[in-house]
Amino acid sequence: MLSIGFVAANLGVSTSTLRKWEERYGRPKPLRSDGGSRWYRDIDLEALRLAKRRLDGGERAGLVFGDYEGLIQAAQQHPLTGPDGCSSDDRFVQELLDLIHRN
């Protein structure tokens with residue numbers, strides 16, 4: 001499970017943006033802890049990455065989030081992360097850190 005802060009930072013949006021998407025469009029629907037904290041599934045992060053790309057491309061948010069199940073399906077078929085759960089950028093950074101530590 002992923003915190004709202006992690007998801008927001010990963011997408012390059014604020015936590016209030018994620019809350020507004022949930023409030024206005026009903027998506028994503030994070031799980032809630034007993035204290036009310038929002039927790040997102042890995043597949044939600046993948047779907048939100050796809051949504052963000054579409055939004056950045058100029059699509060209206062109502063259309064993008066209106067097809068959230070389609071985003072989930074697309075994320076399942078073509079995940080932006082590898083089998084280890086890391087994006088190619090994450091793996092690149094990890095390789096650089098490994099090199100730094102070795103030298």
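Q: Buried means under 20% relative accessible area, exposed over 50% and partly exposed in between (1.4 Å probe, protein chains only); where does that leave Y25, buried or partly exposed?
A: This is a predicted model, where local features need pLDDT of at least 70 and side-chain atom pairs count only at pLDDT 80 or more, while totals for chains, interfaces and linings use all residues. Residues are numbered from 1 along each chain as its sequence is written, and side-chain values use heavy atoms, with hydrogens and water left out. Y25 comes out at a relative accessible area of 32%, so the label is partly exposed.

Q: What kind of aromatic pair do Y25 and F65 make?
A: Rings of Phe, Tyr and Trp (its six-membered ring) pair if their centres lie within 6.5 Å, with planes under 30 degrees apart stacked, over 60 edge-to-face and the rest tilted. Here the centres sit 5.5 Å apart and the planes are at 10°, so the pair is stacked.

Q: How far apart in sequence are the parts that the Y25 and F65 pair links?
A: Y25 belongs to helix 2 and F65 to helix 4, helices being DSSP runs (H or I, at least four residues) numbered from the N terminus. That makes this a link between distant parts of the chain, with a separation of 40 residues.

Q: What about W21 and F65: what type of pair is that?
A: W21 is buried at 10% relative accessible area, and F65 is buried too, at 3%. Their ring centres are 4.9 Å apart, with 45° between the planes. W21 is in helix 2 and F65 in helix 4, so the pair ties together parts 44 residues apart in sequence. As for its type, this aromatic pair is tilted.

Q: Which residues form one aromatic cluster?
A: Searching the whole structure turns up two aromatic pairs. F65 pairs with W21 and also with Y25. The cluster is made of W21, Y25 and F65.

Q: Which element gives the largest share of the largest nonpolar core?
A: A nonpolar core is a set of buried Ala, Val, Leu, Ile, Met, Phe, Trp, Tyr and Cys residues joined through side-chain atoms within 4.5 Å. The largest one has 22 residues, and V7, L11, L18, W21, L48 and F65 have the most contacts inside it. Helix 1, helix 2 (15-25), helix 3, helix 4 (61-66) and helix 5 (68-77) each give two or more residues. The largest share, six residues, comes from helix 3.

Q: Which residues of helix 3 meet helix 1?
A: Helix 1 (residues 4-11) packs against helix 3 (residues 42-56) at an angle of about 35°, with the axes 10 Å apart. Helix 1 brings F6, V7, N10 and L11 to the contact, where contact means heavy atoms within 4.5 Å. On the helix 3 side are L45, L48, R49 and K52.

Q: Which residues does V7 touch, leaving aside neighbours within four places in sequence?
A: V7 is one of the residues with the most contacts inside the largest nonpolar core. Its contacts beyond those neighbours are L2, L18, Y40, L45 and L48.

Q: Is K52, in helix 3, buried or exposed?
A: With neighbours within four places in sequence set aside, K52 contacts L11, G12 and V13. Its relative accessible area is 17%, so K52 counts as buried.

Q: How many ångströms separate the C-alpha atoms of Q73 and I43?
A: Q73 lies in helix 5 and is partly exposed, at 47% relative accessible area. Along the chain, Q73 and I43 are 30 residues apart. Their C-alpha atoms are separated by 9.3 Å.

Conventions:
Axes fitted to C-alpha atoms, helices over the stretch in contact; angles between N-to-C directions.
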